[in-house]
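Subject: A structure for you to explore

Hi there,

Here is the structure I promised to pass on to you. Have a look around first, and then read my notes below.

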Amino acid sequence: MKKYIVGFAVLIMATVLFLVNFAYEPDLLATDTNYPSYYQEKAFHSRGGIGKFYLGREIAQVMGHQAMRWLERPSRENQEHPSAVVQALELKDTDIVADIGAGTGYFSFRMAPFVSEGKVLAVDIQPEMLDVIESLKQQKQVTNIETVLGEVYDPHLPENTIDLVLMVDTYHEFAFPREMMESIFNSLKIGGRVILVEYRREDPFIMIKPLHKMTQKQVKKEMKTVGLQWVDTQEFLPQQHFIVFAKSG
Ligand SMILES: C[S@@+](CC[C@H](N)C(=O)[O-])C[C@H]1O[C@@H](n2cnc3c(N)ncnc32)[C@H](O)[C@@H]1O
């Protein structure tokens with residue numbers, strides 16, 4: 001008897017966990033979005049996702065500006081080793097860098113001193129994030145960061161000018177990843193690099209929501225569609241991949 005009660009309890013718990021993690025939005029199928037065929041919409045999807053899928057991956061919801069304090073949490077230093085990330089970028093004084101999905105500028109401000117004769121273009125789709133960067137620029141008297149208000153499908157970067165595009169914990173939130181990456185590709189100089197820092201989805205023990213993690217295989221598949229060449233993956237961070245791509249000649 002006890003065996004059945006335990007079995008029943010486990011079944012109930014598993015069902016609750018399943019239901020908590022998924023959402024059912026029939027409206028998604030009712031709306032005529034006319035997306036290109038590389039996007040699919042599914043009514044039954046993860047709760048943290050937008051119900052839109054790209055190359056087998058559900059796109060995550062955007063982290064709202066209301067949660068911006070999370071980006072500046074002191075524990076991030078230990079968790080994400082930002083100084084090691086910036087060092088691994090191997091920036092040159094004259095580089096023009098785009099920090100896409102810059103948020104509060106956590107990485108923009110760390111990169112700016114290393115591109116003293118160049119600049120950082122801090123791109124985000126939330127004006128509230130860019131307002132914070134502008135006010136921190138004043139406070140810290142930083143003159144080589146420019147904020148750029150992007151759109152969900154276009155970062156509004158000039159063509160053939162960027163040496164390095166950095167995207168930290170951001171790419172998985174792009175609602176239009178193909179269009180964003182095509183535009184990013186056009187903004188790069190020949191030989192320019194794109195570096196993604198993403199939590200490792202291969203590791204189930206990394207306690208980040210699944211849609212906010214990416215496998216290396218998936219990242220490579222998505223970058224290949226826009227013609228970016230994989231250069232290498234460096235695994236020096238405790239929980240994140242550091243994946244390097246380039247625009248070849
Ligand atoms: C989780 S935050 C990471 C911020 C920053 N990279 C950091 O590591 O502190 C992701 C940011 O990406 C931005 N974002 C999402 N989609 C975007 C898009 N299509 N273009 C530019 N920014 C985008 C969000 O507004 C948000 O500020």
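A good place to begin is a small pairing: the bridge partner of Y54 in β5 is R57. Please keep in mind that this is a predicted model. Y54 belongs to strand β4, which covers residues 49-54, and β5 covers residues 57-60. The two strands run antiparallel to each other and are paired over 3 bridges. Together β4 and β5 make a hairpin, with 2 residues between the strands. One residue to click on in that turn is L55, whose phi is positive, at about 50 degrees.

Now zoom out to the whole protein chain. How many helices and strands does the secondary structure come to? There are 9 helices and 13 strands. The chain has 249 residues, and 33% of them count as buried. Among contacts with a separation of 6 or more, 62% join residues that are 24 or more positions apart.

Next, the inside. In soluble globular proteins, nonpolar side chains tend to be buried together. Here the largest nonpolar core has 50 residues, and the members that touch the most others are V97, V165, L166 and I195. Strand β9 (residues 162-168) gives this core its largest share, 6 residues. Where does the core lie relative to the two domains? It lies between them, because domain 1 (2-60) and domain 2 (65-246) both contribute residues to it.

V97 deserves a closer look. Leaving aside residues up to four places away in sequence, V97 touches L91, M111, V115, G118, V120, D163, L164 and L166.

Another residue to try is Y199, in strand β10 (residues 188-200). Is Y199 buried or exposed? Y199 is buried, because 22 other C-beta atoms lie within 10 Å, and the cut-off for buried is 20 or more. Its contacts, again without residues up to four places away in sequence, are I206, I208, H212, K213, Q239 and Q240. Take H212 from that list: Y199 and H212 are 13 residues apart in sequence, and their C-alpha atoms are 7.1 Å apart in space.

Finally, the ligand. It is surrounded by 23 residues, and the closest are L71, G101, G103, Y106 and V168. The shell around the ligand is made up of 15 nonpolar, 5 polar and 3 charged residues. V168 also falls within the range of strand β9, residues 162-168.

Enjoy exploring, and write back with any questions!

Best wishes

Methods. Residues numbered from 1 in each chain as written. Predicted model: local features only at pLDDT ≥ 70, side-chain atom pairs only at ≥ 80, totals over all residues. Near = placed C-beta within 6 Å. Nonpolar A, V, L, I, M, F, W, Y, C, P; charged D, E, K, R; others polar. Pairing = 2+ DSSP bridges. Helix = DSSP H or I, 4+ residues; strand = E, 2+ residues; numbered from the N terminus. Core = buried A, V, L, I, M, F, W, Y, C linked by C-beta atoms within 7 Å. Buried ≥ 20, exposed ≤ 12 C-beta atoms within 10 Å, placed from the backbone. Domains from an automatic or database assignment. Contact = placed C-beta atoms within 7 Å.
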